[in-house]
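User: I should like to go through the reasoning behind several descriptions of this model. Please set each value against its criterion.

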Amino acid sequence: MSLVSRWGLSVDDPTVEDLRHALDELDEADDEHPDAWVSHESGWTLSAFGTGLLIWSDLESSHRHMLKVSRSRMLALWMRLRDGDLAAVEAEPWQPGTPSTERESD
(Lines give C-alpha, C1' and ligand atoms only; values in the text may rest on other atoms or scores of the structure.)
Protein backbone atom coordinates (compact mmCIF):
# COMPACT_ATOMS: atom_id res chain seq x y z
CA MET A 1 0.00 0.00 0.00
CA SER A 2 1.29 3.43 -0.82
CA LEU A 3 0.39 7.08 -0.49
CA VAL A 4 1.22 9.74 -3.07
CA SER A 5 0.82 13.32 -1.88
CA ARG A 6 -0.32 16.11 -4.16
CA TRP A 7 3.31 17.25 -4.48
CA GLY A 8 4.49 13.78 -5.56
CA LEU A 9 5.95 12.49 -2.30
CA SER A 10 5.46 8.71 -2.24
CA VAL A 11 5.26 6.82 1.07
CA ASP A 12 5.01 3.03 1.34
CA ASP A 13 2.97 1.79 4.31
CA PRO A 14 2.01 5.30 5.45
CA THR A 15 1.19 6.09 9.05
CA VAL A 16 -2.00 7.88 10.11
CA GLU A 17 0.09 11.06 10.41
CA ASP A 18 1.34 10.63 6.81
CA LEU A 19 -2.27 10.33 5.65
CA ARG A 20 -3.38 13.37 7.66
CA HIS A 21 -0.50 15.45 6.32
CA ALA A 22 -1.37 14.54 2.72
CA LEU A 23 -4.99 15.57 3.31
CA ASP A 24 -3.91 18.83 4.96
CA GLU A 25 -1.90 19.69 1.82
CA LEU A 26 -5.19 19.73 -0.12
CA ASP A 27 -6.19 22.97 1.67
CA GLU A 28 -4.09 24.97 -0.80
CA ALA A 29 -5.67 25.25 -4.25
CA ASP A 30 -3.48 23.95 -7.07
CA ASP A 31 -5.13 23.02 -10.37
CA GLU A 32 -2.02 21.19 -11.61
CA HIS A 33 -1.81 18.98 -8.51
CA PRO A 34 -5.40 18.71 -7.29
CA ASP A 35 -5.29 15.37 -5.46
CA ALA A 36 -3.49 12.88 -3.27
CA TRP A 37 -4.15 9.15 -3.34
CA VAL A 38 -3.71 5.84 -1.61
CA SER A 39 -3.15 2.73 -3.74
CA HIS A 40 -3.62 -0.88 -2.67
CA GLU A 41 -1.65 -3.83 -4.08
CA SER A 42 -4.90 -5.11 -5.63
CA GLY A 43 -4.90 -2.17 -8.05
CA TRP A 44 -7.59 -0.10 -6.30
CA THR A 45 -6.89 3.58 -5.68
CA LEU A 46 -8.73 6.13 -3.56
CA SER A 47 -8.04 9.71 -4.72
CA ALA A 48 -8.95 12.70 -2.54
CA PHE A 49 -9.38 16.26 -3.84
CA GLY A 50 -9.46 19.57 -1.99
CA THR A 51 -12.99 20.14 -3.28
CA GLY A 52 -14.30 17.18 -1.27
CA LEU A 53 -14.37 14.87 -4.27
CA LEU A 54 -13.32 11.28 -3.61
CA ILE A 55 -12.69 8.88 -6.51
CA TRP A 56 -12.56 5.06 -6.15
CA SER A 57 -10.91 3.43 -9.18
CA ASP A 58 -9.14 0.28 -10.27
CA LEU A 59 -6.75 -0.79 -13.01
CA GLU A 60 -9.68 -1.88 -15.18
CA SER A 61 -10.80 1.77 -15.46
CA SER A 62 -13.75 1.38 -13.15
CA HIS A 63 -14.36 4.83 -11.66
CA ARG A 64 -16.84 5.82 -9.00
CA HIS A 65 -17.07 8.92 -6.86
CA MET A 66 -18.59 10.75 -3.92
CA LEU A 67 -18.96 14.52 -3.58
CA LYS A 68 -18.60 16.78 -0.54
CA VAL A 69 -16.71 14.19 1.50
CA SER A 70 -15.29 15.55 4.76
CA ARG A 71 -11.58 15.24 5.49
CA SER A 72 -12.35 13.02 8.48
CA ARG A 73 -14.31 10.63 6.26
CA MET A 74 -11.53 10.70 3.63
CA LEU A 75 -9.05 9.79 6.35
CA ALA A 76 -11.25 6.98 7.64
CA LEU A 77 -11.61 5.49 4.14
CA TRP A 78 -7.89 5.84 3.43
CA MET A 79 -7.21 4.00 6.69
CA ARG A 80 -9.61 1.21 5.72
CA LEU A 81 -7.86 0.85 2.37
CA ARG A 82 -4.48 0.99 4.09
CA ASP A 83 -5.61 -1.81 6.40
CA GLY A 84 -6.81 -3.90 3.45
CA ASP A 85 -10.54 -3.57 4.15
CA LEU A 86 -11.56 -3.13 0.52
CA ALA A 87 -15.07 -4.45 1.25
CA ALA A 88 -15.74 -1.54 3.64
CA VAL A 89 -14.58 0.99 1.05
CA GLU A 90 -16.58 -0.75 -1.68
CA ALA A 91 -19.73 -0.62 0.50
CA GLU A 92 -19.77 3.20 0.49
CA PRO A 93 -22.49 5.02 -1.51
CA TRP A 94 -20.42 5.52 -4.67
CA GLN A 95 -21.87 7.19 -7.75
CA PRO A 96 -20.81 5.98 -11.22
CA GLY A 97 -18.23 7.84 -13.28
CA THR A 98 -15.94 10.74 -12.49
CA PRO A 99 -17.15 14.37 -12.30
CA SER A 100 -15.00 17.40 -13.06
CA THR A 101 -12.03 17.79 -10.73
CA GLU A 102 -11.82 21.57 -11.14
CA ARG A 103 -12.55 23.85 -8.19
CA GLU A 104 -15.71 25.88 -8.40
CA SER A 105 -15.17 29.64 -8.47
CA ASP A 106 -16.47 31.69 -5.57
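User: Why is Asp13 called exposed?

Analyst: In this predicted model, Asp13 has a relative accessible area of 60%. Exposed means over 50%, so Asp13 counts as exposed. Asp13 lies in the loop between strand 2 (10-12) and helix 1.

User: What makes the phi of Asp13 worth a remark?

Analyst: Phi of Asp13 is positive, about 50 degrees, although Asp13 is not a glycine.

User: Which other residue, Lys68, has a positive phi, and what is the value?

Analyst: Lys68, likewise a residue other than glycine, has a phi near 55 degrees. Lys68 sits in the loop between strand 6 (63-66) and helix 2.

User: How do you know whether Lys68 is buried or exposed?

Analyst: The relative accessibility of Lys68 is 79%. The criterion for exposed is over 50%, and Lys68 therefore counts as exposed.

User: Why are helix 1 and helix 2 called oblique to each other?

Analyst: Two packed helices are described by the angle between their axes and the distance between the axes. For helix 1 (residues 16-24) and helix 2 (residues 71-82), the angle is about 140 degrees and the axes are 10 Å apart. Roughly antiparallel requires an angle over 145 degrees, and roughly perpendicular covers 65 to 115. The angle of about 140 degrees meets neither criterion, so the two helices are oblique to each other.

User: What is the handedness of the crossing of helix 1 and helix 2?

Analyst: Helix 1 passes helix 2 in a right-handed crossing.

User: Which residues of helix 1 and helix 2 meet, and how do they divide by character?

Analyst: From helix 1, Val16, Leu19, Arg20, Ala22 and Leu23 take part; from helix 2, they meet Arg71, Met74, Leu75, Trp78, Met79 and Arg82. These residues of the contact divide into eight nonpolar, no polar and three charged.

User: What secondary structure does the chain contain, and in what order?

Analyst: The chain has three helices and seven strands. Starting at the N terminus, the order is β-β-α-β-β-β-β-α-α-β.

User: Why is the chain called as compact as a globular protein of its length?

Analyst: The radius of gyration is 13 Å, and the globule rule gives 13 Å for 106 residues; the two values are close, so the chain is as compact as a globular protein of that length. The C-alpha trace spans about 40 × 30 × 25 Å along its principal axes.

User: What share of the residues counts as buried?

Analyst: Of the 106 residues, 43% count as buried, the criterion being under 20% relative accessible area.

How values were computed: Residues are numbered from 1 along each chain as its sequence is written. This is a predicted model: local features need pLDDT of at least 70, side-chain atom pairs count only at pLDDT 80 or more; totals for chains, interfaces and linings use all residues. Side-chain values use heavy atoms; hydrogens and water are left out. Axes are lines fitted to C-alpha atoms, for helices over the stretch in contact, and angles run from 0 to 180 degrees between N-to-C directions. Helices (H or I, at least four residues) and strands (E, at least two) are DSSP runs, numbered from the N terminus. Angles under 35 degrees count as roughly parallel, over 145 as roughly antiparallel, 65 to 115 as roughly perpendicular and the rest as oblique. A crossing is left-handed if the near helix is turned anticlockwise from the far one by less than a right angle, and right-handed if clockwise. Contact means heavy atoms within 4.5 Å. Ala, Val, Leu, Ile, Met, Phe, Trp, Tyr, Cys and Pro count as nonpolar, Asp, Glu, Lys and Arg as charged, and the others, Gly among them, as polar. The radius of gyration is taken over C-alpha atoms; the globule rule is 2.2 Å times the number of residues to the power 0.38. Buried means under 20% relative accessible area, exposed over 50%, partly exposed in between (1.4 Å probe, protein chains only).
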